[in-house]
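Please open the structure in your viewer and keep the selection tool at hand. The tour below goes stop by stop, saying what to select and what can be found there.

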Amino acid sequence: MSTAGRDWGEDAPERFYVITRGHTQPAGRAALDLVTLIVSRAEPTPSMPPEHAAILRLCGSPLSVAEISAYLRLPVSAVTVLLADLVAEERVEARASVPPALLPDRALLEAVMHGLQRL
Amino acid sequence: MDFSASDTVRGPADEDLLPDSAAAAVKVVVVGGFGVGKTTLVGAVSEIRPLTTEETMTQAGADVDDLAGIERKSETTVAMDFGRISISDELVLYLFGTPGQERFWFLWNGLFEGALGAVVLVDTRRLEVSFDVIGRLEDRGVPFVVAANAFPGAPAHPDEELRLALDLPPEVPIVACDARVRESGRDVLLALMHYLYDLAGSRAAR
């Protein structure tokens with residue numbers, strides 16, 4: 001592997017540190033999963049960090065954390081930190097993923113089967 | 001990736017928007033060796049064009065990027081392709097599949113936590129690449145089904161031969177599939193749901 005062409009630019013971890021304003025842990029206890037659905041509850045403002053504004057614009061309709069990460073081209077961990085701030089400020093609503101733990105509810109599984117059968 | 005240009009972030013197409021009634025989501029993880037058709041399977045059943053998400057992981061680099069005499073942590077970027085199936089107006093199923101080095105999937109924070117279960121996609125010509133994956137799922141207690149992707153020229157193994165070769169417990173379902181075909185991918189997911197349903201029943205009865 002050549003180090004000469006190594007990209008230390010925009011993908012460097014430091015950048016994520018900057019855009020997450022130095023937070024490395026999500027604020028509060030909002031457990032954000034890859035499939036937690038996020039919905040905007042506020043309009044973007046000019047004074048807001050651009051990443052926050054971008055998330056608010058994206059989430060007019062419910063969007064999973066994974067989809068936000070994909071559209072913003074940011075790692076999930078960075079998006080999670082940004083979202084935790086927005087959740088704490090009540091600018092977005094986080095609709096928790098169904099926690100099946102080790103024992104998925106049979107009613108939930110029935111609903112999924114029913115939906116798949118229509119695919 | 002420049003946020004001064006964040007106005008140009010492209011979001012979902014209008015036809016890909018979820019209704020505001022979408023209240024909860026569940027996930028299934030598709031695992032398997034490189035080139036086994038995970039992304040193909042995700043794409044076949046997804047209602048949206050598959051998206052890619054990334055995570056950067058730091059690992060004290062023992063066997064990774066071993067630079068002699070230099071102690072450093074290695075950064076690894078792991079990408080996952082994923083798709084989406086609207087189950088109802090309220091419930092959404094996400095399907096994650098990842099290319100790349102399987103040993104990293106388990107470092108991905110939260111990928112398996114809360115997942116309903118997993119699909120192990122295998123290429124019957126190269127079963128050995130699936131051993132590690134199956135062992136790790138078993139260690140973590142993640143329920144899974146095995147789907148044998150029908151590659152042209154791949155030998156059609158009877159299920160019991162596959163079970164023996166993969167050292168699978170008798171209760172783990174094995175299904176044949178063509179990862180390119182939506183109905184086939186759907187049937188794999190249904191097999192997983194039926195299996196989970198049975199597991200939930202047997203546990204509740206205990």
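Begin by selecting helix 2 and helix 4 of chain A in this predicted model, and look at how their axes come within 10 Å and cross at roughly 75 degrees. Because angles of 65 to 115 degrees count as roughly perpendicular, that crossing makes helix 2 of chain A roughly perpendicular to helix 4 of chain A. Now show the side chains where the two helices meet: helix 2 of chain A brings A:Glu51, A:His52 and A:Ile55, while helix 4 of chain A brings A:Leu82, A:Leu83 and A:Leu86. If you colour this contact by class, you should find 4 nonpolar, 1 polar and 1 charged residues.

Keep helix 4 of chain A selected and add helix 3 of chain A, whose axis comes within 9 Å of that of helix 4 and crosses it at roughly 110 degrees. This angle, too, makes helix 3 of chain A roughly perpendicular to helix 4 of chain A, and the crossing of the two is right-handed. On the helix 3 side, select A:Val65, A:Ala66, A:Ile68, A:Ser69 and A:Leu72, and on the helix 4 side A:Val76, A:Val79, A:Thr80 and A:Leu83, which together make the contact. By class, this contact has 7 nonpolar and 2 polar residues, with no charged residues.

Next, select the whole of chain A, which has 5 helices and 3 strands, and follow the chain from the N terminus, where the elements run in the order α-β-α-β-α-α-β-α. Of the 119 residues in chain A, 41% count as buried. Among contacts in chain A with a separation of 6 or more, 70% are between residues 24 or more positions apart.

Now bring chain B into view: how many residues of chain A are in contact with chain B? There are 41 of them, and they touch 48 residues of chain B. On the chain A side, the elements giving two or more residues are helix 1 (13-19), helix 2 (50-58), helix 3 (65-72), helix 4 (76-88) and helix 5 (106-117), and helix 5 of chain A gives the most, with 7 residues. Coloured by class, this side of chain A has 28 nonpolar, 6 polar and 7 charged residues.

Finally, colour chain B by pLDDT, which averages 84 there, with 82% of the residues scoring at least 70. Select residues 61-67 of chain B, where the pLDDT is below 50 and where the stretch has 8 contacts in the model beyond near neighbours in sequence. The model scores ipTM 0.86 and pTM 0.83.

Terms used. Residues numbered from 1 in each chain as written. Chains lettered and ligands numbered in written order. Predicted model: local features only at pLDDT ≥ 70, side-chain atom pairs only at ≥ 80, totals over all residues. Contact = placed C-beta atoms within 7 Å. Helix = DSSP H or I, 4+ residues; strand = E, 2+ residues; numbered from the N terminus. Nonpolar A, V, L, I, M, F, W, Y, C, P; charged D, E, K, R; others polar. Axes fitted to C-alpha atoms, helices over the stretch in contact; angles between N-to-C directions. Parallel < 35°, antiparallel > 145°, perpendicular 65-115°, else oblique. pLDDT = per-residue confidence, 0-100. Buried ≥ 20, exposed ≤ 12 C-beta atoms within 10 Å, placed from the backbone. Left-handed = near helix turned anticlockwise from the far one by under 90°.
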